[in-house]
Amino acid sequence: MTQIFQLSRADVIKGGDIIPAYIVEDSDTRGVPASVLLDYINANAAVEDQYIQSGTGAVANTSEGKARESVSFDDYLSDAHREVAITGAVSDMTASLQLALNNHKHVKALAGRTYRFSTLTMPNADSCLEIESGAILAPSSAVVKGIEVTGARCSIIGQGSINSPASWDGTNARRTFATIWVTGEGFTASGITMNNVPRSGIHFEDSTGWLVMGVKINGGFPYAGYTGTETGHCGIDYNP
């Protein structure tokens, strides 16, 4: 009798192909169409691929569903951009990063990456941008809104950094841009480090109910840039 390992190999199968299967209840080997086998796999995958959190009362989720509870910017980067983020080379990633923020409410900037962009928006209410320790967000322009927060109750948290260009504007004039520009209500910033503040680190524009705690701001404004009249260079400010 020919054994299965003696059969010639088929690298591609089609729905009508026959696959040998041992039927336990009949103690017999039979030919099963590939389409029937695929139907069985699909019907049982959701049951077998379950994730159940520890603790009384936890309900089942799929492993895929659990993994999608939060995403990272890397999930939206091409292979080339992912490599650039690791090496720190200069390459604009704005479109990919913005897609992540548009589609998810908890997005992570991963440790050991540098994400370069022109300007980003957090449009969704109750969303969180988490910058892991060792991660860097690097806006490319000093004269635009780096991250514009329009959604209500958004947060930017973590132990990572936002590194702005080392270009400063201390002019005593109304704000039009900031590293983080907030119009959404109830914003929270916690733990992050802001290096180089071109004009304003975190600016609140007609926004209330916000909280800033544990944020380290290294403004970087050169002493030689002051003439004694500038009041327009601030770490945190607001226009109520």
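Which residue in strand 12 does cysteine 128 stand opposite? Keep that question in mind while you get your bearings; the tour will reach it soon.

**Start with the whole chain**

You are looking at a predicted model. Colour it by secondary structure and you should find four helices and 20 strands. The protein has 240 residues, and 32% of them are buried. Its exposed surface comes to about 13500 Å², with carbon and sulfur atoms supplying 54% of that area. If you count the contacts with a separation of 6 or more, 57% are between residues 24 or more positions apart.

**Stop 1: strands 9, 12 and 15**

Now select residues 128-131, which form strand 9, together with strand 12; the two run parallel and are joined by four bridges. Here is the reply to the opening question: cysteine 128 stands opposite serine 155.

Stay with strand 12 and add residues 188-190, which are strand 15. Strand 12 pairs with strand 15 in the parallel sense as well, over three bridges. Pick isoleucine 156 and look across to alanine 189 in strand 15, its bridge partner.

**Stop 2: the loop that leads into strand 12**

Next, move back a little in sequence to arginine 153. You will find it in the loop between strand 11 (147-149) and strand 12 (155-158). Check its backbone: phi is positive, about 60 degrees, although arginine 153 is not a glycine. For context, most residues other than glycine have a negative phi. Is arginine 153 buried, partly exposed or exposed? With a relative accessible area of 48%, arginine 153 is partly exposed.

**Stop 3: the sheet with strand 7 at one edge**

Select strands 7, 10, 13, 16 and 19. They make an open sheet of five strands in the order 7-10-13-16-19, with parallel pairing. Its edge strands are strand 7 (114-117) and strand 19 (216-218), and each of these pairs on one side only. Neighbouring strands of this sheet are turned against each other by 15 degrees on average, direction ignored.

Zoom in on the strand 19 edge. Strand 16, residues 193-195, runs parallel to strand 19 and is joined to it by three bridges. Label methionine 194 and isoleucine 217 to see one pair of bridge partners, with isoleucine 217 on the strand 19 side.

Then follow the chain out of strand 16 to asparagine 196, which sits in the loop between strand 16 and strand 17 (200-205). Like the arginine at the previous stop, this is a place to check phi: the value for asparagine 196 is near 70 degrees, positive in a residue other than glycine. Asparagine 196 is partly exposed, at 22% relative accessible area.

**Stop 4: the sheet with strand 8 at one edge**

The loop you just visited leads to strand 17, so to speak your signpost to another sheet. Select strands 8, 11, 14, 17 and 20: an open sheet of five strands, ordered 8-11-14-17-20 with parallel pairing. Which strands stand at its edges? They are strand 8 (120-122) and strand 20 (234-239); each has a single partner strand, so one side of each is left without a neighbour in the sheet. From one strand to the next, the twist averages 15 degrees.

Within this sheet, show strand 14 (residues 180-182) and strand 17, which run parallel with three bridges between them. Tryptophan 181 has histidine 203 in strand 17 as its bridge partner.

**Stop 5: helix 4 and what it packs against**

Select residues 94-103, helix 4, and show its side chains. The buried residues here are Thr94, Ser96, Leu97, Gln98, Ala100 and Leu101. These buried residues pack against strand 6 (106-109), strand 7 and strand 8.

Now pick serine 72, in strand 5 (residues 71-72). Serine 72 is buried, with a relative accessible area of 8%. Which residues does serine 72 contact, leaving aside its neighbours within four places in sequence? They are Val107, Lys108 and Leu110.

**Last stop: a patch on the surface**

Finally, switch to a surface view and select Leu37, Tyr40 and Ile41, which make a nonpolar surface patch of about 290 Å². Leucine 37 lies in helix 1, residues 34-48. At 34% relative accessibility, leucine 37 counts as partly exposed.

Definitions and conventions
Residues numbered from 1 in each chain as written. Predicted model: local features only at pLDDT ≥ 70, side-chain atom pairs only at ≥ 80, totals over all residues. Heavy atoms only, no water. Pairing = 2+ DSSP bridges. Axes fitted to C-alpha atoms, helices over the stretch in contact; angles between N-to-C directions. Buried < 20%, exposed > 50% of the residue type's maximum accessible area, 1.4 Å probe, protein only. Patch = residues over 30% accessible without salt bridge, like charges linked within 9 Å, V, L, I, M, F, W, Y side chains within 5 Å. Areas by Shrake-Rupley, 256 points an atom, 1.4 Å probe, with all protein chains shown as cover. Salt bridge = Lys/Arg side-chain N within 4 Å of Asp/Glu carboxyl O. Contact = heavy atoms within 4.5 Å.
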